[in-house]
Every structure is written in C-alpha cells, then in structure tokens.
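Hi,

Here is the structure I promised to pass on. Have a look at it first, then read my notes below.

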Amino acid sequence: MKKFFSLLLLGSLAITANAQTTAPVPTAQSFGKVDKADLEMTKCDFEPDANAEILFDKGDTYFDTQYNINTDRHKRIKIFNDNGKDEANIRIKYYSANRSQYITGLQAQTINLTNGAIEIIKVDKKQIFTEAVDKYYSALVFSFPNVKPGCIIEYKYRLTSASVSDFPDWYFQSDLPTRYSELDTNIPDILTYKRLPNLHSPYVVDKTSSSNTHTEAMANIPSLKDEPYMDARNDNSERILFQLLSIRIPGYFMPNFQDSWKKVGENRINNEDFGGQLNRKLAGEELIINKAKALKTNDEKIAYVFNEVKNTMKWNDSYDISSTDGTPKAWEKKVGNSAEINIILYHLLKKSGLTVYPMMVSTRTNGRINPSYPSVYQFNSMIAYIPVDSAKYYALDATSKYNLYNKVPDNFLNSFGFYIDDTNKIYDLSFLQEPEPVRQVVLLNAEIKPDGKMSGSADISSFSYNKIRYTKKFKTDGEKKYNDYLREDNNNLKISELTFENMDIDTLPLRQKLSFNLDLTGSDDNYIYFNSNLFTGLKTNPFLAENRFTDIDFGYRDNYAITGIFKIPAGYKIDAMPKSISMAIPDGTVVFKRLVAEQEGSIMVRFSIDHKKSMYFKENYPEFREFCKKMYDMLNEQIVLKKG
C-alpha cells in the first residue's frame with residue numbers, strides 16, 4: 001500500500017512538473033548548421049500568414065585593441081512562399097566617408113531541402129557589389145541564388161566603425177516576424193553609453209557574463225505592420241539606440257562626449273556642405289533679390305521668393321541635410337536634393353532682407369526628433385525657418401510644387417525642427433505644429449427623380465492641407481483619375497462641368513464646382529434609397545482592425561462641414577429618415593453631429609466632424625474605434641422614400 005501511494009505521489013509530481021514546463025527559448029546557430037525541421041516548416045508558428053520569417057538575428061558588438069567598434073551580424077531567414085522571395089535581395093547601407101565604417105567577412109548562402117537532403121549554395125563573391133549611395137554612404141548589395149518556397153537564406157558579416165561615437169543601434173523588430181533576436185555587447189569600463197530603449201515585450205534572456213558581455217534577447221516578435229495614420233516604422237519598432245556619454249581615462253579628467261544642441265549647431269555651421277553653402281552667390285540672384293526688396297510687405301517677399309525657388313528648382317527626390325554638389329551648381333542645373341533647394345531658398349530670403357534661419361527637420365517616415373538625444377543623425381532634411389512673432393512662424397520647404405509658403409509641410413508636423421542662428425549663437429529646437437483646424441466644406445444641392453436617379457451640383461471648399469492634397473492629386477493624376485478619386489470609384493456616379501478656383505493662390509481655399517448624376521441602386525417602383533455622403537472622402541472607415549499597435553497621428557486637426565439639400569420627387573414621401581444626433585468620444589476630443597430636417601418638399605442633411613487634437617494614443621484605440629464605427633455607420637445611413 002505504501003508503495004502504491006509513493007508511485008501515485010511520484011506520478012502526480014511528474015504531471016505537475018510537466019504542466020509547469022515552458023516552451024524552450026529559441027537560439028541562434030552557427031553558420032551552416034541548420035535543423036531539418038526548419039527546412040520542413042511551412043508557416044510561422046505565431047504569425048501564420050507571414051510570407052517569410054526571421055529565424056534568428058544575432059549581433060555581437062565589441063571593441064578591438066584600437067577601440068574600433070566591431071559588430072558581427074548573423075541573420076537567417078525562412079522563405080515560405082513566392083511573395084517572400086524578395087527577402088533574398090539584400091542591401092546593407094553604411095557610412096563609408098573617410099572609411100568611417102566598412103564591411104568585411106561577408107558570407108551568404110541558400111539552403112534547400114532537395115529529395116530529403118540538405119543542399120547548400122553559396123553566393124558567388126563576384127555577385128556581391130559595393131554601390132556608392134552618395135559621397136557619404138555606400139551599400140553592400142547582393143542576391144541569393146536558387147531561392148524558392150521552403151528554402152532558408154543566411155548571411156553574416158562584420159561592420160567596423162572607426163569612431164567610438166558610432167555604436168550601432170539594434171532593432172529587435174522588423175517587417176517580418178522574428179523567432180529570435182539577440183544583441184551581445186561588451187563595452188570597456190572607460191566608455192559610457194546612454195541607452196534609449198523602446199521596448200514593450202519581455203526579454204527571454206537578459207544577463208551579463210563573467211567577461212562583461214551583456215546579452216539581451218527577445219523571442220517570437222510579431223512583424224510591425226503598416227497601420228492607417230501611423231508614425232515612422234523605426235519609431236514604433238522594438239529597439240535600443242546608443243549614444244556616447246563619456247570616456248573615462250584613469251588619472252585624467254572625464255570629458256563629456258554627449259552632444260549638446262549647441263555643439264550640433266556649431267558643427268553644422270562649420271560643415272562645408274551645410275554652413276559653407278549658406279552664403280554662396282547664385283548666378284543671376286540679383287534679379288530675384290531686387291524684385292523681392294521692391295515688394296511692400298514681408299509676406300509678399302516671402303511668397304515671391306518661395307514660389308521662384310519652388311518653380312525653378314526640380315527636386316531629385318532625395319532628402320538630405322547636406323549639399324552634394326554645392327548650391328551654385330545645383331542652381332545652375334536647376335536640380336538638387338532637399339538641402340540644396342532649401343539652402344538656396346534661405347540664401348535668397350536672407351539677401352532680400354528677411355530674418356530667416358536654416359532649420360534641420362525630420363520627415364514623418366524618418367521619425368520624430370527626441371529632444372533629449374542631441375544628434376545630427378536624427379535629421380534627414382532641412383527647410384527655411386522664419387519666426388514672425390512669439391506665436392507665428394513660417395517653415396518653408398520648396399521641394400514640392402504643391403507646398404504653400406504659409407503652411408508647415410505636413411511631412412514635418414508634430415516633431416521638432418532645429419534652427420541655427422549663428423549670428424547670435426542660438427541653436428535651438430522649435431516644435432512644428434498646426435494648432436488650427438483644417439476645414440473642408442461640402443455643399444450639395446440635388447434633385448431626386450421618380451425613376452431612381454439623382455442630379456445636382458456640388459461646391460467643395462478645401463483649406464490648407466486639404467487644398468494641397470486635392471491640388472496635388474489633380475495635377476499629378478490628371479482629370480480622369482481625379483474624377484475617379486472624387487466619386488470614390490462609384491461607377492453609378494458621373495461627374496461633369498468640373499471647375500477650379502484659387503488653385504494657384506496660396507492665401508485662398510481651393511474651390512471646386514461640379515455637376516453630377518447618380519443612379520440610386522436598390523430603388524424600385526415603390527421605394528427610392530439614397531444617402532447624402534457624397535464627395536466627402538468619408539465613405540470608408542480606416543479603423544476597422546480590432547487591435548492597434550501604433551498611435552494614430554493625423555498630423556493636423558480636421559474639421560468637416562457637409563450640407564446637402566435633396567428635393568423629393570412629386571408623389572413620394574419620406575418612409576425612413578435618420579435622426580438628428582450629437583455624439584462625442586469619451587474624452588470629448590472628437591465631436592460628430594448630424595442634423596436632419598424636412599422642409600417644403602426637400603430634405604436637409606448636415607454633418608459636422610471636429611477633431612480637437614491631431615493624435616490619439618494606441619492605449620485609447622478601443623474607444624476611438626468604437627466611435628468611428630458608429631460615426632461611419634451614421635454617415636452612410638440611408639434615407640428611404642416611398643411612392644404614394
């Protein structure tokens with residue numbers, strides 16, 4: 001009996017122990033050593049719809065005896081289907097100027113399972129190329145051979161940085177799901193780095209060895225997917241950034257190597273490709289300068305010079321904070337990167353007698369500026385900055401033909417710009433925003449016909465960024481595609497007599513007038529169905545996803561005012577009509593109103609939507625999503641007319 005109970009107890013302990021066993025932590029493997037199970041795997045365990053998966057991404061960063069920073073990188077990717085084959089095209093960009101960084105020891109191979117046997121095909125070294133991106137950066141470029149669904153590709157290399165300030169950042173998350181990501185760092189005691197983490201998932205490994213190697217690892221990291229109105233992908237990725245703080249030399253003082261914004265500004269002024277270009281003479285500049293000086297107001301001068309540069313220069317689609325060929329040459333060729341075009345703009349504005357400063361900025365796709373991390377590497381473009389008074393300023397970017405001189409380009413909104421006033425030795429950050437609501441006004445006047453058709457006119461007034469969007473769309477796509485855009489691809493809606501007013505006047509809203517005819521589908525001999533949501537751009541709700549992983553950043557506040565008057569055909573009466581309603585999101589930052597009324601044989605429907613802020617945090621997404629669902633349902637709610 002005692003033996004029986006002992007066996008029973010041992011069995012229960014074994015069951016308990018097994019229930020508490022956690023899944024093994026994934027690991028990296030040595031180059032060329034592959035588990036057959038990985039080759040036989042057909043989908044990602046934790047993201048089944050992925051086209052490919054990073055099996056592991058391992059970085060080992062350490063210093064050699066010359067205090068060069070070496071990072072040994074080993075990455076392995078599983079390809080699941082044909083859509084994942086693009087992952088086999090690799091481009092590794094690095095800062096190559098003055099051999100500040102260089103890559104050595106690249107090995108790459110494709111691994112297939114062929115007739116049950118593992119087959120390895122190495123990348124031919126003759127197919128590995130070094131491309132010059134510009135005079136600062138290069139890229140190592142290669143593609144894997146024999147890539148097909150089911151294969152594994154892997155590569156490894158060493159990146160060497162000659163400066164102790166260039167400690168590489170590490171991204172645990174990417175656009176692919178990652179089974180395992182590991183960063184090993186070994187930093188000498190004399191160096192101190194500031195860590196700027198953006199981490200939400202727990203570590204599966206976080207330890208320091210006896211040799212001072214710090215290992216940080218995450219597992220089963222989902223891919224970072226694009227979401228409507230999300231910020232830069234890099235800002236939302238799980239990552240760690242590093243910044244050199246100090247070098248401690250025994251017996252000597254401890255110099256502080258953390259850049260201050262003052263130091264960043266001084267370095268930029270002393271840089272030949274930035275500060276050295278600010279006052280360079282341009283061929284024929286006197287004609288523009290003299291004409292600008294003859295204008296009465298500063299706004300007239302700003303608008304004139306801005307439009308001269310905007311219409312003269314062609315942007316080469318490259319964002320940069322430095323000139324490549326020098327501004328006189330760019331002006332002569334009439335082509336330049338963003339720095340060259342806007343340095344030219346700054347120069348001509350200053351010569352015209354205006355108070356203007358060069359300002360470095362970061363585009364939305366590049367990421368927001370962290371004010372506690374003084375570094376030139378946060379920026380990827382520049383503009384001309386004109387402070388008018390304590391509350392008003394102009395931030396001018398002449399790269400786009402559609403930008404307005406009196407509106408901060410939406411690409412730079414809700415982030416800091418860094419302006420340089422070298423005369424007064426002021427180097428400071430300024431937050432770029434648009435606090436005023438951006439209006440969109442739609443007026444509809446239509447008649448419902450007994451045969452189930454609607455005809456009428458629309459008058460659309462677009463202010464500020466809405467004007468820029470519609471103008472760019474029309475001039476870029478042409479009238480046919482633009483009409484498709486206006487009618488939101490509704491084949492039952494036909495547009496005619498479209499005209500524009502104020503398209504090229506920066507200070508006035510764009511006004512569009514048009515006539516339209518609409519077949520009211522679903523109508524029959526007794527009933528006519530229609531809704532008043534026409535030409536608003538608000539047909540489709542972009543916030544349908546149940547979960548949200550990034551903040552919602554509209555860039556600016558939108559304010560919609562939509563009014564429609566619809567004449568009821570003779571012999572019909574209202575059978576069903578939406579009710580007037582007013583509702584707001586719980587914190588009151590979005591307000592939606594619908595007013596519906598009948599008067600003298602017509603139905604009047606008025607919508608208003610007021611966003612009181614431009615950003616909504618992902619933590620509040622459930623309530624934001626629920627509000628949007630109700631709002632879009634109400635926008636698209638039908639009116640029913642009955643015969644008799």
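To start with, which residues in α5 meet which residues in α8? Glu285, Ile288, Ile289 and Lys293 in α5 meet His347, Leu348 and Lys351 in α8, where contact means heavy atoms within 4.5 Å.

Before the rest, some housekeeping. This is a predicted model, with local features needing pLDDT of at least 70 and side-chain atom pairs counting only at pLDDT 80 or more, while totals for chains, interfaces and linings use all residues. Residues are numbered from 1 along each chain as its sequence is written, and side-chain values use heavy atoms, with hydrogens and water left out.

**Helix pairs**

Helices (H or I, at least four residues) and strands (E, at least two) are DSSP runs, numbered from the N terminus. Axes are lines fitted to C-alpha atoms, for helices over the stretch in contact, and angles run from 0 to 180 degrees between N-to-C directions.

Back to that pair: the axes of α5 (residues 285–294) and α8 (residues 338–351) come within 9 Å and cross at roughly 50 degrees. That makes α5 oblique to α8; angles under 35 degrees count as roughly parallel, over 145 as roughly antiparallel, 65 to 115 as roughly perpendicular and the rest as oblique. The crossing of α5 and α8 is right-handed (near helix turned clockwise from the far one by less than a right angle; anticlockwise would be left-handed). By class, the α5 contact with α8 has three nonpolar, one polar and three charged residues. Here Ala, Val, Leu, Ile, Met, Phe, Trp, Tyr, Cys and Pro count as nonpolar, Asp, Glu, Lys and Arg as charged, and the others, Gly among them, as polar.

α8 also packs with α6 (residues 298–312), at an angle of about 145 degrees and with the axes 10 Å apart. From α6, Ile302, Val305, Phe306 and Val309 meet Ile341, Ile344, Leu345, Leu348 and Leu349 in α8. That contact has nine nonpolar residues, no polar and no charged ones. Leu348 turns up in the α8 side of the α5 contact too.

Then there are α9 (residues 464–477) and α10 (residues 479–486), whose axes lie 7 Å apart at an angle of about 140 degrees. That makes α9 oblique to α10. In α9, Arg469, Tyr470, Lys473, Phe474 and Asp477 meet Glu479, Lys481, Tyr482, Tyr485 and Leu486 in α10. Five nonpolar, no polar and five charged residues make up the α9 contact with α10.

**Pocket and cavities**

On a 1 Å grid over the protein atoms alone, a cavity is a set of points where a 1.4 Å probe fits but cannot get out, and a pocket is an open set with protein on both sides within 12 Å along at least five of seven lines; lining residues have an atom within 4 Å of a point. Grid points are joined across faces, edges and corners, and a volume is the space filled by probe spheres set on the points.

The second largest pocket holds about 1300 Å³. Of its 46 lining residues, Tyr229, Asp410, Tyr465, Arg469 and Tyr556 are the closest to its centre. α9 gives the most to this lining, with six residues.

The whole structure has three cavities of 30 Å³ or more. The largest has a volume of about 70 Å³, and its lining has two nonpolar, five polar and five charged residues. The second largest holds about 40 Å³, with Leu486 among its lining residues.
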